[in-house]
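Work through the following exercises with the sequence and the model open beside you. Try each task before reading its solution.

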Amino acid sequence: APGSPHVAVDDDGDAVVAWHAFDGVEYRVYARRVSSTGTLGALQVLSGTGVKIHGTELAVDPDGDAVVTWAEWQPDGSVVPKMRRFPSNGELPAEVVLSSSPRRADTPAVAFDREGDAVVAWANENVVQARTLAASGALGELETVSGDVSPIDRHSRARVTIDRDGDALVTWRHLTQADLSE
């Protein structure tokens with residue numbers, strides 16, 4: 001039962017497809033490459049075991065290196081934003097927890113610039129957080145990109161885009177509990 005499929009294409013027409021699916025025991029995050037000629041690459045499992053996945057997102061840089069993101073329910077009830085690089089050379093580095101507080105993250109959005117640097121952003125309870133990811137793989141400091149809101153208000157559905165110069169724009173949905181408006 002696959003869900004939340006996403007596809008992104010590099011400058012040569014090669015693609016990466018990512019999704020989450022129930023394997024009969026638990027939900028996992030999967031990805032595979034599809035060449036510009038339609039040849040399927042090996043199926044890769046990107047997430048660990050013993051957790052429940054909520055959503056997936058992905059982006060591919062011009063050279064075919066990808067970042068796949070998801071939100072993961074933890075045994076204590078918290079939901080953490082995670083990512084894993086999916087390099088075109090086939091070497092899979094470890095998955096990365098992007099933030100552990102606050103404790104209710106949405107699936108992170110991700111976008112690349114033309115140099116292979118990325119920004120990852122997500123709503124996490126009443127804040128929107130972001131991190132940069134250098135083409136080298138170095139993860140930047142955790143930043144809060146939203147302003148102060150009432151503790152009963154929530155943010156959701158963060159999205160990110162980056163221009164050719166590496167300038168990023170992060171947007172999100174804000175729900176005001178006092179009058180249930182956006």
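## Exercise 1: A residue in a turn

Glu125 counts as partly exposed, at 28% relative accessibility. The model is predicted.

Task: Find where Glu125 lies and state what is notable about its phi.

Solution.
- Step 1. Locate the residue: Glu125 lies in the loop between β10 and β11.
- Step 2. Look at the hairpin of β10 and β11, which has two residues between the strands.
- Step 3. Read the angle: phi of Glu125 is near 60°, which is positive although the residue is not glycine.
- Step 4. Check the class: buried ends at 20% and exposed begins over 50%, so a value of 28% makes Glu125 partly exposed.

## Exercise 2: A positive phi inside a strand

Task: Determine which element holds Ser4 and whether Ser4 is buried, partly exposed or exposed.

Solution.
- Step 1. Ser4 is found in strand β1.
- Step 2. Its phi is positive, about 55°, and Ser4 is not a glycine.
- Step 3. The relative accessible area of Ser4 is 26%, so Ser4 is partly exposed.

## Exercise 3: The partners of β11

Task: Describe how β11 pairs with β10 and with β12, and how covered β11 is.

Solution.
- Step 1. Strand β10 (residues 118-124) runs antiparallel to β11, and seven bridges join the two.
- Step 2. One pair of facing residues here is Ala123 and Val128, the latter in β11.
- Step 3. β11 is also joined to strand β12 (residues 143-144), by two bridges and again antiparallel.
- Step 4. In this pairing Ala130 stands opposite Glu143 of β12.
- Step 5. Of the seven residues of β11 (127-133), six are buried, so the strand is mostly covered.

## Exercise 4: An open sheet

Task: Give the strand order of the open sheet of four strands, and explain why β1 and β4 are its edges.

Solution.
- Step 1. The order is β1-β2-β3-β4, with antiparallel pairing.
- Step 2. β1 (2-9) and β4 (44-45) each have a single partner strand, so one side of each has no neighbour in the sheet.
- Step 3. Now take the pair β2 (residues 15-22) and β3 (residues 27-34): eight bridges hold this antiparallel pairing.
- Step 4. As an example from this pair, Ala18 has Ala31 in β3 as its bridge partner.

## Exercise 5: Salt bridges

Task: The whole structure contains four salt bridges. Work out which residues the bridges of Lys82 join into one network, and describe the bridge between Arg114 and Asp11.

Solution.
- Step 1. Arg114 and Asp11 form a salt bridge in which the closest N and O atoms are 2.6 Å apart.
- Step 2. This pair links distant parts of the chain: Arg114 is in the loop between β9 (109-112) and β10, and Asp11 is in the loop between β1 and β2, 103 residues apart.
- Step 3. Arg114 has a relative accessible area of 38% and is partly exposed; Asp11, with 48%, is partly exposed as well.
- Step 4. Turn to Lys82, whose side chain meets that of Glu72 in a salt bridge (2.9 Å, N to O).
- Step 5. Lys82 is in strand β7 (residues 79-86) and Glu72 is in strand β6 (residues 66-73), 10 residues apart.
- Step 6. Both Lys82 and Glu72 are buried.
- Step 7. Lys82 also forms a salt bridge with Glu95, with the closest N and O atoms 2.4 Å apart.
- Step 8. Glu95 is in the loop between β7 and β8 (96-97), 13 residues from Lys82.
- Step 9. Glu95 is partly exposed, with a relative accessible area of 25%, whereas Lys82 is buried at 8%.
- Step 10. Salt bridges with shared partners therefore join Glu72, Lys82 and Glu95 into one network.

## Exercise 6: Nonpolar cores

Task: Find which residues touch the most other members of the largest nonpolar core, and which elements give two or more residues to this core.

Solution.
- Step 1. Recall the general trend: in soluble globular proteins, nonpolar side chains tend to be buried together.
- Step 2. The largest core has 14 residues, and Leu46, Leu58 and Val68 touch the most other members.
- Step 3. β2, β3, β5 (52-60) and β6 each give two or more residues to this core.
- Step 4. A second, separate core has 11 residues, among them Ala59, Met83, Val110 and Ala118.
- Step 5. Leaving out residues up to four places away in sequence, Leu58 touches residues including His6, Val16, Val68 and Val110.

Definitions and conventions: Residues numbered from 1 in each chain as written. Predicted model: local features only at pLDDT ≥ 70, side-chain atom pairs only at ≥ 80, totals over all residues. Heavy atoms only, no water. Buried < 20%, exposed > 50% of the residue type's maximum accessible area, 1.4 Å probe, protein only. Pairing = 2+ DSSP bridges. Core = buried A, V, L, I, M, F, W, Y, C linked by side-chain atoms within 4.5 Å. Contact = heavy atoms within 4.5 Å.
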